[in-house]
Amino acid sequence: MVSQSHTFKSSTSKPEHYVCAQGEGSIWNFHVVLEFWNDYTKDGVCMASEKLMELLNRGIARELQVSIQYMWQHVSVTGVESVVVEDIFRKIGITEMKHAEEIAERLAYLGGKPTTKPDPIFVGGSLKEMLERDVKAEEEAIALYKQTIKVADEEGDVTTRRLFEEILGHEEEHHDTFTRLLTE
Ligand SMILES: [Fe+2]
Ligand SMILES: [Fe+2]
C-alpha cells in the first residue's frame with residue numbers, strides 16, 4: 001500500500017473530488033486515504049479541486065493585470081475626453097483590485113496559494129487603443145468567470161459560485177461602459 005501512496009503522490013492526474021465525492025474508497029488503506037484527505041480538505045471539510053483553485057489563480061492574475069492597467073490609463077490618458085474617462089479608469093481600477101483581494105481571500109481559505117504575478121499589462125497610447133484593449137480584457141474576464149462559476153457549481157462550492165456571480169456582474173458593467181465609450 002505504501003507504493004500506491006507514492007504512485008498517487010507523483011501522479012499528475014489526481015482523481016479529482018475523490019474524497020469529496022466518494023469518501024474513503026475501499027481500495028485504499030487508511031494512510032492513503034489520509035493523504036487524499038490532507039490534499040483535498042482542511043479540518044475535515046471538503047475544500048476545492050486543483051482545477052477550481054487554478055481557475056481562481058487565473059482570476060487573480062487577471063484582476064492584478066487590469067487593476068494596474070486601468071490605473072496607468074487613468075494617469076496617462078490625454079486629450080479632451082480624458083476629463084471624462086480618467087475618473088472612470090480610476091474607479092474601475094479600484095474595483096478590480098478589490099476583486100483580486102476577494103478572490104485571493106477565497107483561494108487562501110480553500111488551501112491554495114494566491115499568485116502575485118499579473119497577466120501581461122497593456123496601457124496603450126490613444127484613448128481608442130486603450131478602450132479596445134479594455135473591452136477585450138473584460139470579455140476575457142467574463143468568459144473565465146462563467147467557466148469558474150460552472151466548475152464551482154459542479155463541485156457544490158456555493159460560496160465560490162456566488163462570489164464569482166457577483167464579480168461577473170461587475171465585469172459585465174465594465175464591458176458595457178468601455179464599449180459605450182468606444183462607440184461615442
Ligand atoms: Fe474584476
Ligand atoms: Fe472589470
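**Figure legends: a predicted helical and stranded chain in close-up**

**Figure 1. Overview of the protein chain, which is built from seven helices and two strands.** The coordinates shown here come from a predicted model. Followed along the sequence, the elements appear in the pattern α-α-α-β-β-α-α-α-α, with the two strands placed between a run of three helices and a run of four. The chain has 184 residues, of which 27% count as buried. When contacts between residues at least 6 apart in sequence are considered, 75% of them join residues that are at least 24 apart.

**Figure 2. Close-up of the packing between helix H4 and helix H5.** The axes of these two helices lie 8 Å apart, and the angle at which H4 and H5 pack is about 160°. Because of this angle, H4 counts as roughly antiparallel to H5. The crossing in which H4 passes H5 is left-handed. The residues that form the contact of H4 with H5 divide into 14 nonpolar, seven polar and five charged.

**Figure 3. Close-up of the packing between helix H4, residues 50–76, and helix H6, residues 127–154.** Here the axes come within 10 Å of each other and cross at roughly 160°, and H4 and H6 are therefore roughly antiparallel to each other. As H4 passes H6, the crossing is left-handed. On the H4 side the contact includes Lys51, Leu52, Leu55, Arg58 and Gly59, together with Arg62, Val66 and Gln73. These residues meet a set in H6 that includes Met130, Ala137, Ala141, Leu144 and Tyr145, and also Gln147, Thr148, Val151 and Ala152. Sorted by character, the residues of this contact of H4 with H6 comprise 10 nonpolar, four polar and three charged.

**Figure 4. Close-up of the largest nonpolar core, a set of 27 residues.** The residues with the most contacts inside this core are Leu56, Ile60, Ile103 and Phe164. At least two residues of the core are supplied by each of H4, helix H5 (82–109), H6 and H7, and H6 gives the most, with eight residues. Around Leu56, once residues up to four places away in sequence are left out of the count, the residues touched are Ile103, Arg106, Leu107 and Gly112.

**Figure 5. Close-up of Val77, a residue in the loop between H4 and H5.** With 22 other C-beta atoms within 10 Å, Val77 is buried, because a residue counts as buried when 20 or more such atoms lie within that distance. Val77 and Ser126 are separated by 49 residues in sequence, while their C-alpha atoms are 7.4 Å apart in space. Leaving aside residues up to four places away in sequence, Val77 touches Ser82, Val85, Glu86 and Phe89, and it also touches Leu127 and Met130.

**Figure 6. Close-up of Leu181, a residue in helix H7, which spans residues 158–183.** Leu181 has 18 C-beta neighbours inside 10 Å and therefore counts as partly exposed. The C-alpha atoms of Leu181 and Val85 are separated by 8.3 Å, although the two residues are 96 residues apart along the chain. When residues up to four places away in sequence are not counted, Leu181 touches Val85 and Leu131. Val85 also appears among the residues touched by Val77.

Key: Residues numbered from 1 in each chain as written. Chains lettered and ligands numbered in written order. Predicted model: local features only at pLDDT ≥ 70, side-chain atom pairs only at ≥ 80, totals over all residues. Buried ≥ 20, exposed ≤ 12 C-beta atoms within 10 Å, placed from the backbone. Contact = placed C-beta atoms within 7 Å. Axes fitted to C-alpha atoms, helices over the stretch in contact; angles between N-to-C directions. Parallel < 35°, antiparallel > 145°, perpendicular 65-115°, else oblique. Left-handed = near helix turned anticlockwise from the far one by under 90°. Nonpolar A, V, L, I, M, F, W, Y, C, P; charged D, E, K, R; others polar. Core = buried A, V, L, I, M, F, W, Y, C linked by C-beta atoms within 7 Å.
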